Amino acid sequence: MSDPVSSEPVLAVDGLSIGFQTRRGLLPAVRELSFSVRSGEMLAIVGESGCGKSLTALALLGLVPPPGRVTGGTVRLEGRDLLALDEAALRRVRGARMSMIFQEPMTALNPVLTVGEQIMEAILEHEAVSRKAARERTLALLERVRIPDPERRFAEYPHRLSGGMRQRVMIAMALAGAPAVLVADEPTTALDVTIQAQILGLIDELRREQGTAVVFITHDLGVVSRYVDRVLVMYAGRKVEERDTRDLFAGPLHPYTRGLIAAQPRAGAGAAGAERERLAEIPGTVPALAAMPPGCAFAPRCPLADARCVQAVPPPRRAGSGLVACHHAGETHAL
Amino acid sequence: MLTYLRRSAAQVVFVLLGIALINFFLLHLAPGDAAQVLAGESGAATPEYMEALRRQFGLDQPLHVQFLRYLGNLVTFDLGYSFRQSLPVSELILQRLPATLLLMGTAIGFALVAGCSLGFLAARRAGKLTDTVISIVALLFYATPVFWVGIMLIVVFSVILDWLPVGGMTSVEANLSGLALVGDVALHLVLPAVTLGLFYLAIYARLMRAAMLEVYGQDFVRTARAKGVRPRRIAWRHVLRNALLPIVTTLGVQLGSILGGAVLVETVFSWPGLGRLAFAALFQRDLNLLLGILFCSSVVVVLVNIAVDLVYTLLDPRIELN
């Protein structure tokens, strides 16, 4: 992709570990996750439910709900380690330098406040501006996310808006402080396919215009492949592969990534070769947090697994445009 | 709004008709009638005398005739005549109604404000000492019988400390007027209102705490935190507004029962309200008076419920009146 991407990462996550405190001890949910994004860049974090991707998103803003907690690592935003900040300092970062949009636009907005009030709040909590100025900016934001008739929508309550409109309101809210980083946690999952494309297009357009770095959390590789620069694949709390989008689709190195890509339905396939083109699936399920195997977490489901995979966690290795964590990386494409 | 009021007015008519029907037949199911009680008290219960009494009060008519006559009277707000008190029922009720409404209103207001504040505080300090203390106190109030609380409050604040009057609504000896009278009534009101309110205070405190904690777990609170809203503002603006909805619902349901609670409190504090009047009417088989009181309290409860519905629409924009 040929966007103007600066070289210095605006967000750098290093060795991030998150665990759940339980009676039987600490269950690790995310282990030593590292990645970075530059201004104007869009990174997708992809994985199955329960792989720790949403938890990672929340950890970036210091919002991991108990009994979960961050157990190690750093999250550097514009050079500052957010995990070292106290709650008050963190609050000033949230919604101002880094903001987040969520999966469920139906429940993510407060039902008893108008959408205008909720967007204005994001401005007024961070800046000493008059209500009138905040209102003007809110109307501009609503227009920016292409909500028709902003004046009227401003005074509307969330239940009067469609799912797509609510997600636009969420985006407007997230953009209110002109953040350096936008974290989007499955923002299109709950929407119709056509609306999905619109919302994705909008996020893509905004990051190009405003140079916002976007961390896009999703379980659906296909949805984001057109828009993201890089893909980070997570499995059972670890990064298993991170590559430029084009390279990843051209030649996935980790057997899990290959499985994910093979499990994508392709347009045009079907009718003609319905029998041959049966959608591939990855056999088995993700291991439970409490029953994590000592070696590679994917080994029980992996066609290439051998004795080494069962014993030792594969360390991440350089591979072309990115990294892969597999003892058999790139050995064979036969699956 | 107008459509809503018109529709609820139609509902009110049906509800009141139903209440009148139930009241009337329930009371007639009980053995004995006013003539028997009157005759029993006078000590001369000859069949002729009882027959005369019944004819005089229309008690010899068939039930449905008595009921239709009762309905006809209700429409003109003629609630009949209390043969025991020798006064029209409507007059008796109007004498007592303000005292009861004052007591109920004060008790509910006190319970709402104090209960919600305590619940709010407990939820904001969930799991901490403040929360534990509030929860235990609320449980205590919840479990203590109303009459016992009343008597204990009298013992402590009237007898031992001598801060507040023992009972009644005004001081008998003084002939007060204007502001002095208001102050005097307010002083008399404290103990009965607190007694009646404590139980409801406990309910609202517990409900408010639970509702707040539930709302704290909602997605939109996470959204508010993610956009950097101050915790204080989250509590007041995002959580409180939503947590008030179940409180209002409960309030509507409880207004009927608080009228029942008023009977006990009015008796303990000799408060000249409807509750005590109803209590007396029940024991004296003063059928007309009892029916009148039941009917009037139904009207109050129905009207208050409509008001609660209106408040609900103010709090929750998702509920629309039409």
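Start with confidence in chain B. This is a predicted model, and among the elements of chain B the lowest mean pLDDT, 66, belongs to helix α2(B), residues 34-42. The highest, 92, belongs to α9(B). Over the whole of chain B the average pLDDT is 83, and 93% of the residues score at least 70. As a general caution, where pLDDT is low, predicted coordinates should not be read in detail. For the model as a whole, the scores are ipTM 0.85 and pTM 0.80.

Next, the layout of chain B. What does its secondary structure come to? There are 12 helices and 2 strands. Reading from the N terminus, the order is four α, then β-β, and then α through to the end. Taken along the principal axes, the box filled by the C-alpha atoms of chain B is roughly 85 × 55 × 40 Å.

Now one helix pair within chain B. In general, two packed helices are described by the angle between their axes and the distance between the axes. For α7(B), residues 146-160, and α10(B), the angle is about 25° and the axes are 9 Å apart. Angles under 35 degrees count as roughly parallel, so α7(B) and α10(B) are roughly parallel to each other. The crossing of α7(B) past α10(B) is right-handed.

Which residues make that contact? From α7(B) they are B:Val146, B:Phe147, B:Gly150 and B:Ile151. From α10(B) they are B:Gly261, B:Leu264, B:Val265 and B:Val268. By class, this contact has 6 nonpolar residues, 2 polar ones and no charged ones.

On to the contact between the chains. Chain A puts 24 residues into it, and chain B puts in 18. On the chain B side, the elements that give two or more residues are α9(B), residues 219-226, and α10(B), residues 231-268. Helix α9(B) supplies the largest share of that side, with 6 residues. This is also the helix with the highest mean pLDDT among the elements of chain B. What is the class make-up of the side of chain B that touches chain A? It has 8 charged, 5 polar and 5 nonpolar residues. So α10(B) appears twice in this talk: it packs with α7(B), and it gives residues to the side that touches chain A.

Last, chain A and its sheet. The sheet is open, has 4 strands in the order β2-β1-β4-β5, and pairs in the antiparallel sense. Which strands stand at the edges? They are β2(A), residues 25-38, and β5(A), residues 80-81. Each has a single partner strand, so one side of each is left without a neighbour in the sheet.

Going through the pairs, β1(A), residues 9-22, is joined to β2(A) by 10 bridges. In that pair, A:Thr22 stands opposite A:Gly25. Strand β1(A) is also joined to β4(A), residues 68-77, by 8 bridges, again antiparallel. There, A:Asp14 has A:Thr74 as its bridge partner. Finally, β4(A) and β5(A) pair over 2 bridges, with A:Leu77 opposite A:Arg80. The hairpin of these two strands has 2 residues between them, and A:Glu78 takes a positive phi near 50°.

Note on methods: Residues are numbered from 1 along each chain as its sequence is written. Chains are lettered from A and ligands numbered from 1 in the order in which they are written. This is a predicted model: local features need pLDDT of at least 70, side-chain atom pairs count only at pLDDT 80 or more; totals for chains, interfaces and linings use all residues. Two residues are in contact if their C-beta atoms, placed from the backbone, lie within 7 Å. Ala, Val, Leu, Ile, Met, Phe, Trp, Tyr, Cys and Pro count as nonpolar, Asp, Glu, Lys and Arg as charged, and the others, Gly among them, as polar. Axes are lines fitted to C-alpha atoms, for helices over the stretch in contact, and angles run from 0 to 180 degrees between N-to-C directions. Angles under 35 degrees count as roughly parallel, over 145 as roughly antiparallel, 65 to 115 as roughly perpendicular and the rest as oblique. A crossing is left-handed if the near helix is turned anticlockwise from the far one by less than a right angle, and right-handed if clockwise. pLDDT is the predictor's confidence in each residue, from 0 to 100. Two strands pair if DSSP finds at least two bridges between them.
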